[in-house]
Amino acid sequence: MQRLANLSAARTDAGPTAIEVAGLSHVYDGREGKVPALEDIAMTVGAGRFVVIVGPSGCGKTSLLMMLAGLRRPSEGAILCNGRPIPSPDPERVGVVFQEASLFPWLSAQDNVEFPLALRHAPRAERRRRATDMLDLVGLQGFGGRYPHELSGGMKQRVAIARGLVQDPPVLLMDEPFAALDEQTRMTMGHELLRIWSQTLKTVVFITHSLTEAVYLADEVLVMSARPGRIIDRIAIALPRPRTYDMMATDTFGRLRDRIWQQIRTAD
Ligand SMILES: Nc1ncnc2c1ncn2[C@@H]1O[C@H](COP(=O)(O)OP(=O)(O)O)[C@@H](O)[C@H]1O
Ligand SMILES: [Mg+2]
């Protein structure tokens with residue numbers, strides 16, 4: 001509790017804070033004994049910021065994201081989401097998008113997006129309206145009646161984003177959402193995500209393996225060490241917005257990507 005109180009008091013003049021993590025560590029008690037997965041993680045994400053997390057495979061990125069989503073409890077430490085702990089999933093506060101779109105194959109795109117609203121018995125008309133708005137937002141006007149098998153990989157991820165945003169949470173967490181897409185679709189989706197982000201003013205925490213994607217999207221990149229994952233570098237990405245594809249060819253972009261790469265190489 002003391003730690004939580006300190007966290008609230010520690011809020012700075014840099015604007016409102018969406019996510020605050022302090023002293024977070026996690027040890028899995030697995031079949032092969034104890035696995036220290038995360039160690040002394042501290043991070044602050046300002047409201048409306050786009051923060052990207054990179055780090056070697058198995059360093060605890062997904063574990064951290066699950067904790068931010070209230071899907072898993074850390075062994076130690078505190079998480080505040082908009083000033084309050086998040087002991088269990090709350091899609092009105094935090095939306096989540098995973099690598100696999102994990103849509104229900106027997107539901108149309110529209111019904112997949114409506115699903116979280118149906119779970120909490122929202123009136124039918126409101127469900128329809130909000131899901132339609134979200135499908136419009138992600139560029140899927142007119143595709144609500146399609147079933148997942150009738151959609152491309154990129155379109156399925158658009159549906160997953162629409163579903164993550166349908167309850168209008170201030171925070172969106174994304175775990176390698178575009179990793180399974182071909183490179184061209186991936187670039188388009190990154191660009192689309194920035195458009196959606198700037199239209200909706202969400203706070204985004206985004207995990208990726210792609211350093212190009214990290215630099216292209218982020219306000220700030222957090223680099224994690226190999227397991228147990230610690231944050232070993234925080235790199236501000238001062239490229240102007242809106243971001244454009246041309247920026248990728250600039251020296252600044254290359255230097256930023258290089259710095260992240262050097263950190264990851266030594267972290268592994
Ligand atoms: N439920 C679990 N039980 C035991 N160990 C786990 C569990 N989930 C993840 N781990 C281990 O914790 C470490 C971090 O996993 P994860 O968070 O998925 O890393 P990342 O997303 O960075 O690849 C890995 O070594 C993984 O094997
Ligand atoms: Mg992972």
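**Exercise 1. Determine how E8 is joined to E9, and how many bridges lie between these strands.**

Solution. In this predicted model, five bridges join E8 to E9, and the two strands run antiparallel. The connection along the chain is a hairpin, which leads from E8 to E9 through six residues. To see one position of this pairing, take Val 223, which stands opposite Asp 233 in E9.

**Exercise 2. Trace what lies on the other side of E8, starting from Val 54 and its bridge partner in E8.**

Solution. Begin with Val 54, whose bridge partner in E8 is Val 223. Next, consider the strands themselves: E3, residues 50-54, is joined to E8, residues 220-224, by four bridges, and these strands run parallel. Val 223 therefore serves as a link in the reading of both pairings, since its partner in E9 is Asp 233, while Val 54 is its partner on the other strand.

**Exercise 3. Place E8 in its sheet by giving the order of the six strands, and state which strands stand at the edges.**

Solution. The sheet is open, its pairing is mixed, and its six strands follow the order E5-E6-E7-E3-E8-E9. At the edges stand E5 (94-97) and E9 (231-236); each has a single partner strand, so one side of each is left without a neighbour in the sheet. From one strand to the next, the twist averages 15°.

**Exercise 4. Describe how H5 lies on this sheet and how H5 and H6 are arranged.**

Solution. First, locate H5 (residues 153-165), which lies across E5 and E6 (171-175) and runs at about 165° to E5. Second, recall that two packed helices are described by the angle between their axes and the distance between the axes. For H5 and H6 (residues 183-200), the axes come within 11 Å and cross at roughly 20°. Third, classify the angle: since angles under 35 degrees count as roughly parallel, H5 and H6 are roughly parallel to each other. The crossing is right-handed. Finally, list the residues that meet: H5 contributes Gly 153, Gly 154, Gln 157, Ile 161 and Leu 165, and H6 contributes Thr 185, Thr 188, Met 189, Ile 196 and Thr 200. Sorted by class, the residues of this contact are four nonpolar and six polar, with no charged residue.

**Exercise 5. Work out the order and pairing of the three-stranded open sheet, and find how H2 lies on it.**

Solution. The order is E2-E1-E4, and the pairing is antiparallel. E2 and E4 (76-81) stand at the edges, each with a single partner strand, so one side of each lacks a neighbour in the sheet. The twist in this sheet averages 20° from one strand to the next. Between E1 and E2 the antiparallel pairing extends over 10 bridges, and Glu 20 stands opposite Thr 44 in E2. H2 lies across E1, E2 and E4, and runs at about 60° to E2.

**Exercise 6. Identify the elements that supply the shell around ligand 1, and the classes of its residues.**

Solution. The shell holds 13 residues, of which the closest are Tyr 28, Gly 30, Lys 61, Thr 62 and Ser 63. Strand E1 (17-30), strand E2 (33-46) and helix H2 (61-68) each supply at least two residues. H2 gives the most, with three residues. By class, the shell divides into four nonpolar, seven polar and two charged residues.

Key. Residues numbered from 1 in each chain as written. Chains lettered and ligands numbered in written order. Predicted model: local features only at pLDDT ≥ 70, side-chain atom pairs only at ≥ 80, totals over all residues. Near = placed C-beta within 6 Å. Nonpolar A, V, L, I, M, F, W, Y, C, P; charged D, E, K, R; others polar. Pairing = 2+ DSSP bridges. Axes fitted to C-alpha atoms, helices over the stretch in contact; angles between N-to-C directions. Contact = placed C-beta atoms within 7 Å. Parallel < 35°, antiparallel > 145°, perpendicular 65-115°, else oblique. Left-handed = near helix turned anticlockwise from the far one by under 90°.
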